[in-house]
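Visitor: I have a structure open in front of me and would enjoy a guided look at it. Could you walk me through a few of its features?

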Amino acid sequence: VQLQASGGGLVQPGGSLRLSCAASEGTLSGYSTGWIRQAPGKEREFVAAISRSGGRYYADSVKGRFSISRDNAKNTVDLQMTSLKPEDTAVYYCAAKIASIGLVTLQYNYWGQGTQVTVSS
């Protein structure tokens, strides 16, 4: 499966952004899909994931603010981000795996290119 992330940009603190991960050469409903981010000078960290059965998982730092969803008709997985904070600034990657276990880890088989999210006034 090939993944393409989009939707990043510059937003003020408290604002919202919607990231989208589009798949080709594969159907996302057959994969567990996650969003992982990497801030400057920091290691990659798990943000959110959705399993093949639709179960949703979030990092504590984004619970209540971010929401992950899958649109099977469009073959996309979106990450709706609200109440954004400067510490959410990072490159966001979407990734996929066939297994539905270990979704909160970084052990994914397929990765898209990142999309930059900058939260700043």
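Visitor: Which residue of strand 11 stands opposite A90?

Guide: Happy to start there, keeping in mind that this is a predicted model. Strand 9 (residues 90-97) and strand 11 run antiparallel and are joined by 3 bridges. Opposite A90 in strand 11 stands V117.

Visitor: Along strand 11, which side chains point to one face and are buried?

Guide: The side chains of strand 11 (residues 115-119) alternate. Q116 and T118 point to one face and are not buried. Pointing to the other face, and buried, are T115, V117 and V119.

Visitor: Which residue stands opposite V119 of strand 11?

Guide: Here we turn to strand 2 (residues 9-11), which pairs with strand 11 in the parallel sense over 3 bridges. In strand 11, V119 is one of the buried residues. The residue opposite V119 is V11.

Visitor: Now for the open sheet of 4 strands: which strands stand at its edges?

Guide: This sheet has the order 1-3-8-7, with antiparallel pairing. Two of its strands have a single partner strand each, so one side of each is left without a neighbour in the sheet. Those edge strands are strand 1 (2-6) and strand 7 (66-71).

Visitor: Which residue of strand 3 stands opposite Q2?

Guide: Strand 1 pairs with strand 3 (residues 17-24) in the antiparallel sense, over 5 bridges. Opposite Q2, in strand 3, is S24.

Visitor: How many residues apart in sequence are the parts tied together by R37 and D88?

Guide: R37 and D88 form a salt bridge, with the closest N and O atoms 3.0 Å apart. R37 lies in strand 4 (residues 32-38), while D88 lies in the loop between strand 8 (76-81) and strand 9, so the pair ties together parts whose separation in sequence is 51 residues.

Visitor: Is D88 buried or exposed?

Guide: Buried means under 20% relative accessible area. D88 has 1% relative accessibility, so D88 counts as buried.

Visitor: And which residues are linked in a network of salt bridges?

Guide: Besides its bridge to R37, D88 forms a salt bridge with R65, whose closest N and O atoms are 2.7 Å from those of D88. E45 joins R37 with a closest N and O distance of 2.6 Å; E45 is partly exposed at 36% relative accessible area, whereas R37 is buried at 4%. The network therefore links R37, E45, R65 and D88.

How values were computed: Residues numbered from 1 in each chain as written. Predicted model: local features only at pLDDT ≥ 70, side-chain atom pairs only at ≥ 80, totals over all residues. Heavy atoms only, no water. Pairing = 2+ DSSP bridges. Buried < 20%, exposed > 50% of the residue type's maximum accessible area, 1.4 Å probe, protein only. Salt bridge = Lys/Arg side-chain N within 4 Å of Asp/Glu carboxyl O.
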